[in-house]
Amino acid sequence: MEYTTFGRTDLRVSVMGLGAGGPSRIGQATGESDATSIEIVRRALDAGVNYIDTAEAYNTEALVGRALMGVDRSRIVISTKKSYRTGISPSAVRQGVETSLRKLRSDYIDIYNLHGVAAKDYPMLRDDIL
């Protein structure tokens, strides 16, 4: 697997990542079992993938967390997201982070995003929320 630096960070990520959303949601959208979804994550790790993207809206954070049990967390880069369109506030973001941490079974998140931000909302989100 090849690795690269993620943007202007010091994070080294695999050039291929694993998205836990999309049409499959690591198998959940197509009726696969939790065990199969966990196996998808573990096979990606075995192939050298170290970047995993999920979101609260995908309902896959807990599966990712289970798949990462026993894995050296410092070797994995996790990106997750919070939807901002329903009742966004600084406390809602804080609660979203805490919930994601619990589901991911981690004490930190490498990359945390607001999900699906419309350009017209940037100033409010930057000035009032973040």
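**Group meeting talk: sheet, helices and salt bridges**

Let me begin with strand 5 and strand 6, which pair in the parallel sense over 5 bridges. Before I go further, please keep in mind that what we are looking at is a predicted model. If you want one concrete position along that pairing, take Lys82, whose bridge partner in strand 6 is Leu114.

Stepping back from this pair, we can ask in which order the strands of the sheet are arranged. The sheet is an open one, formed by 4 strands in the order 3-4-5-6, and the pairing is parallel. At its edges we find strand 3 and strand 6, the latter covering residues 111-115, and each of these pairs on one side only. Across strand 5 and strand 6 lies helix 3, made of residues 90-104, and this helix runs at about 140° to strand 5.

Now I would like to turn to the charged side chains. How many salt bridges does a search of the whole structure find? The search finds 7, and I will walk you through some of them.

One of them brings together the side chains of Asp34 and Arg66, with a distance of 3.5 Å from N to O. This pair links distant parts of the chain, since Asp34 sits in helix 1, residues 34-46, while Arg66 sits in helix 2, residues 61-67, and the two are 32 residues apart. As for their surroundings, Asp34 counts as partly exposed because its relative accessibility is 34%, and Arg66, at 33% relative accessibility, therefore counts as partly exposed too.

Another salt bridge is formed by Asp53 with Lys81, and here the closest N and O atoms are 2.7 Å apart. Again the pair links distant parts of the chain: Asp53 belongs to strand 4, residues 51-53, and Lys81 to strand 5, residues 77-83, with the two positions 28 residues apart in numbering. Are these two residues buried or exposed? Both Asp53 and Lys81 are buried.

Compare that with Arg126 and Asp127, which form a salt bridge whose closest N and O atoms are 2.8 Å apart. In this case both Arg126 and Asp127 are exposed.

Let me move on to two residues that are worth finding in the structure. You will see Thr60 in the loop between strand 4 and helix 2. Why does Thr60 count as buried? The reason is that its relative accessibility is 0%, and the cut-off for calling a residue buried is under 20%. If we leave aside its neighbours within four places in sequence, Thr60 is in contact with Ala20, Arg25, Ile26, Thr54 and Ala55.

The other residue is Ala44, which is found in helix 1. Because its relative accessibility is 12%, Ala44 counts as buried. Leaving out its neighbours within four places in sequence, we find Ala44 in contact with Leu18 and Val49. For Leu18 we can also give a separation, as Ala44 and Leu18 are 26 residues apart in sequence and 7.0 Å apart in space, going from C-alpha to C-alpha.

Finally, let us look at the surface. Which residues make the nonpolar surface patch of about 400 Å²? They are Met1, Tyr3, Val15 and Met16. To place one of these for you, Val15 lies in the loop between strand 2, residues 12-14, and strand 3, residues 18-19.

Key:
Residues numbered from 1 in each chain as written. Predicted model: local features only at pLDDT ≥ 70, side-chain atom pairs only at ≥ 80, totals over all residues. Heavy atoms only, no water. Patch = residues over 30% accessible without salt bridge, like charges linked within 9 Å, V, L, I, M, F, W, Y side chains within 5 Å. Areas by Shrake-Rupley, 256 points an atom, 1.4 Å probe, with all protein chains shown as cover. Salt bridge = Lys/Arg side-chain N within 4 Å of Asp/Glu carboxyl O. Buried < 20%, exposed > 50% of the residue type's maximum accessible area, 1.4 Å probe, protein only. Contact = heavy atoms within 4.5 Å. Pairing = 2+ DSSP bridges. Axes fitted to C-alpha atoms, helices over the stretch in contact; angles between N-to-C directions.
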